[in-house]
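Here are some notes for reading the model alongside its sequence. Please keep the structure open while going through the points, and look up each place as it is named.

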Amino acid sequence: MKFKALTAVAALMVAMPAITLADPDDDTLVLNGETEMVTKAAAPAHMEETGIDTVMSGWHFRNDDTQAMQADDFDNPGMLAVESAIEAWNTVEGEAGKSCASCHGAAEDSMKGIRAVYPKWNETAGELRTLAMQVNDCRTNQMKAEPYKYDSGPMAAMEALISVQSRGMPVNVAIDGPVQAIWEKGKELYYTRTGILELSCASCHEENYGNMIRADHLSQGQINGFPTYRLKNAKLNTVHGRFKGCVRDTRAETYKPGSEEFIALELYVASRGNGLSVEGPSVRN
């Protein structure tokens, strides 16, 4: 495993006794005993310069108990949020007197494949949209309802409901055309060292994935499993909520969920997982 950022990562965990090697496992994720997920795939062509030839879901870096929790919907605590989102999907809100179902019908029919291609360029709006942005656009413009807070519980739950419909499908985020400049900005953010500890996303998730820091097993930082139920904070977490926490851990002033910076970073990080199965809601530490 790469070890270039040893000094920086050691600074992050000042009190740790040591960094030790612990390769990701080679288990297979079969969801509910019937759907095999692609959790290791050939790295996208744009990652050739990184020296990484295989991209891996964060599932491989978790212990057996956590893996088993995700593999069964009855044990996955993130599925409780999906149930609440089904109710929200069918609830009329706003001045237009509509629910999500009013326009889209059943989520299991209309949302299949959606999570796999987001963030995505919206030609009509002339902007890159994350899934959260699209949800809020529907709420404000179609339902005439209040938007969800970007990284709130209701937003995480709705993203989970939409993600479930694409589980097992390969992430296939476009990075060319009108989104290329945004993708380049996200890439720059990924490699830029910030904060008192002078760490970048790459310091942990590219240069030190597979290493153990205390009880934490560093993954590649893939986001194909988001929204993610974290055992650490006992709730469903959005991608931008996790970005915010990571930047904060570098002792830097973080960006806000929904900011241009995090939108660009989401596009870049999502593209690093092209080929992996959509897993959300996943279970992580």
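1. In this predicted model, H240 touches T130, Y150, P257, G258, F262, I263 and E266, if residues up to four places away in sequence are not counted. H240 lies in helix 10, and with a relative accessibility of 1% it counts as buried, the cut-off for that word being under 20%. One of the residues it touches, G258, also takes part in a polar contact, since the side chain of H240 reaches the backbone nitrogen of G258 at 2.9 Å. C204, by contrast, is 36 residues away from H240 along the chain, and the C-alpha atoms of the two are separated by 17 Å.

2. What covers helix 10? The buried residues of this helix are V239, H240, F243, G245 and V247, and what covers them includes strand 11 and helix 11. Just after helix 10 comes R251, with a positive phi of about 65°. R251 lies in the loop between helix 10 and helix 11 and counts as partly exposed, at 47% relative accessibility.

3. A positive phi is also found at E198, a residue other than glycine, where the value is near 50°. E198 belongs to the loop between helix 8 and helix 9 (201-205), and at 52% relative accessibility it counts as exposed, because the limit for that word is over 50%.

4. Helix 7 covers residues 153-164, and its length can be checked by a simple calculation: at 1.5 Å a residue, its 12 residues should span 16 Å, and its end C-alpha atoms are indeed 16 Å apart, so the two values agree. Is helix 7 largely enclosed or largely open to the outside? Of its 12 residues, 10 are buried, so the rest of the structure largely encloses this helix. The buried ones are M155, A156, A157, M158, E159, A160, L161, I162, S163 and V164. Among the elements that cover them are helix 3 (78-89), helix 4 (100-104), helix 5 (107-110), helix 6 (131-142) and strand 11 (235-237).

5. The largest nonpolar core has 49 residues, and W89, M158, L161 and V269 are those with the most contacts inside it. At least two residues of this core come from each of helix 3, helix 6, helix 7, helix 8 (180-191), helix 10 (239-249) and helix 11, and helix 7 gives the most, with eight residues. W89 deserves a second look: leaving aside its neighbours within four places in sequence, it is in contact with S99, C100, A101, H104, G105, A106, A107, S110, M111, M158 and L161. Apart from this core lies another one, of nine residues, which include A41, V55, Y209 and L276.

6. N274 is found in the loop between helix 11 (260-271) and strand 12 (282-284), and although it sits in a loop, it is buried, with a relative accessible area of 17%. When its neighbours within four places in sequence are left aside, N274 is in contact with A42, P44, V55, V171, N172 and V173. For V173 there is a further detail, as its backbone nitrogen lies 2.9 Å from a polar atom of the side chain of N274.

7. An open sheet of three strands has the order 11-10-12, and its pairing is mixed. Strand 11 and strand 12 stand at the edges and have a single partner strand each, so one side of each is left without a neighbour in the sheet. From one strand to the next the twist averages 35°. Strand 10 (residues 228-230) and strand 12 run parallel and are joined by three bridges, and T228 stands opposite S282 in strand 12.

8. Two peptide bonds should be inspected by eye. The bond from F226 to P227 is cis, with omega near 0°, and P227 is found in the loop between strand 9 (216-217) and strand 10. A cis peptide bond also joins Y118 and P119, where omega is about 5°, and P119 lies in the loop between helix 5 and strand 6 (120-122).

Conventions
Residues are numbered from 1 along each chain as its sequence is written. This is a predicted model: local features need pLDDT of at least 70, side-chain atom pairs count only at pLDDT 80 or more; totals for chains, interfaces and linings use all residues. Side-chain values use heavy atoms; hydrogens and water are left out. Helices (H or I, at least four residues) and strands (E, at least two) are DSSP runs, numbered from the N terminus. The expected span of a helix is 1.5 Å times one less than its number of residues. Buried means under 20% relative accessible area, exposed over 50%, partly exposed in between (1.4 Å probe, protein chains only). Contact means heavy atoms within 4.5 Å. A polar contact is a pair of N or O atoms within 3.5 Å; within protein, one must be able to donate a hydrogen and the other to accept it, and residues adjacent in sequence count only if both atoms are side-chain atoms. A nonpolar core is a set of buried Ala, Val, Leu, Ile, Met, Phe, Trp, Tyr and Cys residues joined through side-chain atoms within 4.5 Å. Two strands pair if DSSP finds at least two bridges between them. Axes are lines fitted to C-alpha atoms, for helices over the stretch in contact, and angles run from 0 to 180 degrees between N-to-C directions.
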